[in-house]
Amino acid sequence: MQKAKPKEKTANESSSTEKGKKTFGLLRGMHDILPKDEKYWKPFFHVAEKLAEHFQFGRIETPIMEEASLFVRSLGRGTDVVDKEMYIFEDRDGTRVALRPENTAAVVRAYIMHGLWNHPQPVKLWYWGPMFRHERPQAGRYRELWQAGFETLGTHDPVADAELILVAYNFYKDIGLPVEVHINSIGTPEEREKYKTELVNYYRAKRSYLCEDCRKRLGKNPLRLLDCKAEQCQPVKEEAPQIIDWLGEESKNHFMKVLEYLDELAVPYTLRHTLVRGLDYYTHTVFEIYPATGEGGAQSALCGGGRYDLLAEELGGRPTPAAGVALGIERAVTALKQYNEQNKKEMPANNLQVFFAQLGDRARSRALKIIDELRGQEIKVAFNFFKNSLKAQLELANSLKVPYALILGQKEVQESTIIIRDMESGVQEIVDQKKLESMLKKKFDNGAKKE
Ligand code: HAM
């Protein structure tokens, strides 16, 4: 068991109500996703799902908890995620479990366990769900974070790397957020070891110019030197040896091929020689995507990914070259909100087609039936049975920006008719209830033609 640290305050602290009963807040770094956020979360999910369908990634859902050692082995000791951020505990059977801090390790575990290596290769999988990292919460950094991930297992073809970058790039394009791709290659572990020696030699000579953190990194995790944001380390970093010069012919060719594909696909990218990623499993291509206006700081990475050719073997499977990417959903929401605000854009309006207003008890029960019939015809109806006055209901229809309102009062119930009101012109017509669906569809068709 981990040693318990002193109890932290919750973000929204528990408190006592007037009646003396305790109310509950959130754990620090956790957040609720409320209906007001749905206009982001829902289309984001749909965009991810559509991309998965188009690029033929099959959905995989793995448990939120796994054996802790799966992540320790995959991500590596010495990484921030393993050393400082995992939620690890013993369950009631004494098993050491972890809330998943990411999902690539679990996907590879599933690939090996279910014999997916027996299927035609590559196997392409995607997921959507929460991950947990006990990080220091700040803007864009949560302890529960949602990711959409795409993984391609069983091929070392560079086209797979390019395809994954294209999927991620298209995600941001489809949600309406301009982004830039940063890319690098970190080669094989052997190439990286040679490079690390060179890097350490170079940095050692400049030790006196480095920040406290970098002095520590020098001994512990030299590649992280390249991540340092401290002002004083920047000149040293700029002149540092570049990993690309330490790659062998094969690694270089792989990387060149990925870049050629991106050129062909017209996906703009920036080569960033300091991009090394913070998890141990990566080999060859690594990349991150940032908002186009972003500073390129670690916190604003919208997504990250790369190749992990050796992970399956590390987890007891057969050699399985693979690559993947995970997109942070909260960061996409924040970045798009910011972008829309700066550019005076709004999320597309809901696609509600009519608002159903009813007056009186008899109308209300008849209304339910008609609404259900319209639903069966895939007509999207909004309604609110808790507002009684017509004025209040029409105001609501207005705020929902629906093109038509249906009005059903006692008189219409008796005569089996209903009023269709054009919300823009205010023109109303009375139609037979039996003809309602066909009338509405005609109006929608005409409306679509006008647009
Ligand atoms: P990662 O870079 O650790 O990679 O996370 C991917 C994305 O998740 C980040 O770019 C960021 O948008 C989001 N993210 C990470 N931590 C937080 C946090 N504390 N709060 C909010 N958002 C966060 C991975 O997880 C790898 N599994 C990616 C991958 C897939 N590599 C190969 N396949």
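Contact here means heavy atoms within 4.5 Å. With that in hand, welcome to a set of close-up views of a predicted model.

**View 1. H182 and its partners around strand 9.** H182 sits in strand 9, which spans residues 179-185. Setting aside residues up to four places away in sequence, H182 touches T270, R272, L275, V286, F287, E288 and Y290. One of these partners, R272, also meets H182 through a polar contact between the two side chains, at 2.9 Å. The relative accessible area of H182 is 7%, so the residue is buried, the limit being under 20%.

**View 2. The ligand and the residues that surround it.** The ligand has 25 residues around it, and the closest are E102, E135, Y142, E151 and Y282. By class, this shell holds ten nonpolar, eight polar and seven charged residues. For E102, an N or O atom of the side chain is 2.6 Å from a nitrogen atom of the ligand. R331 places a polar side-chain atom 3.5 Å from a ligand nitrogen. G328 takes part through its backbone, where an N or O atom lies 3.5 Å from a ligand oxygen. Taken alone, the ligand would expose 660 Å², and the protein buries 95% of that. Three elements give two or more residues each to the shell: strand 8 (144-153), strand 12 (303-307) and strand 13 (322-328).

**View 3. Aromatic rings around W41.** The model has 14 aromatic pairs. One of them joins W41 and W146 edge-to-face, with 5.8 Å from centre to centre and 85° between the planes. This pair links distant parts of the chain, as W41 belongs to helix 1 (residues 38-54) and W146 to strand 8, with their positions 105 residues apart in sequence. The two tryptophans are also part of a cluster linked by ring pairs, made up of W41, F45, F57, W126, W128, W146 and F150. W41 counts as buried because its relative accessibility is 12%, and the cut-off is under 20%.

**View 4. Helix 4 and what covers it.** Helix 4 runs over residues 104-113 and is mostly covered, with nine of its ten residues buried. The buried residues are T104, A105, A106, V107, V108, R109, A110, Y111 and I112. Their cover includes strand 4 (65-67), helix 2 (68-75), strand 7 (123-132), strand 8 and helix 10 (311-314). For anyone checking backbone angles, G115 follows helix 4 and has a positive phi, near 60°.

**View 5. N388 in a loop.** Here the residue to look for is N388, in the loop between strand 15 (381-383) and helix 13 (390-399). Is N388 buried or exposed? N388 counts as exposed because its relative accessibility is 52%, and the cut-off for that class is over 50%. N388 still has partners further along the chain: leaving out neighbours within four places in sequence, it is in contact with Q358, L359, R364 and Q393. With R364 there is a polar contact between side chains, at 2.8 Å. The C-alpha atoms of N388 and G360 are 7.6 Å apart, while the two residues are 28 apart in sequence.

Methods. Residues are numbered from 1 along each chain as its sequence is written. This is a predicted model: local features need pLDDT of at least 70, side-chain atom pairs count only at pLDDT 80 or more; totals for chains, interfaces and linings use all residues. Side-chain values use heavy atoms; hydrogens and water are left out. A residue is near a molecule or strand if one of its heavy atoms lies within 4 Å of it. A polar contact is a pair of N or O atoms within 3.5 Å; within protein, one must be able to donate a hydrogen and the other to accept it, and residues adjacent in sequence count only if both atoms are side-chain atoms. Accessible areas come from the Shrake-Rupley method with a 1.4 Å probe; for residues, only the protein chains shown count as cover. Helices (H or I, at least four residues) and strands (E, at least two) are DSSP runs, numbered from the N terminus. Ala, Val, Leu, Ile, Met, Phe, Trp, Tyr, Cys and Pro count as nonpolar, Asp, Glu, Lys and Arg as charged, and the others, Gly among them, as polar. Buried means under 20% relative accessible area, exposed over 50%, partly exposed in between (1.4 Å probe, protein chains only). Rings of Phe, Tyr and Trp (its six-membered ring) pair if their centres lie within 6.5 Å; planes under 30 degrees apart count as stacked, over 60 as edge-to-face and the rest as tilted.
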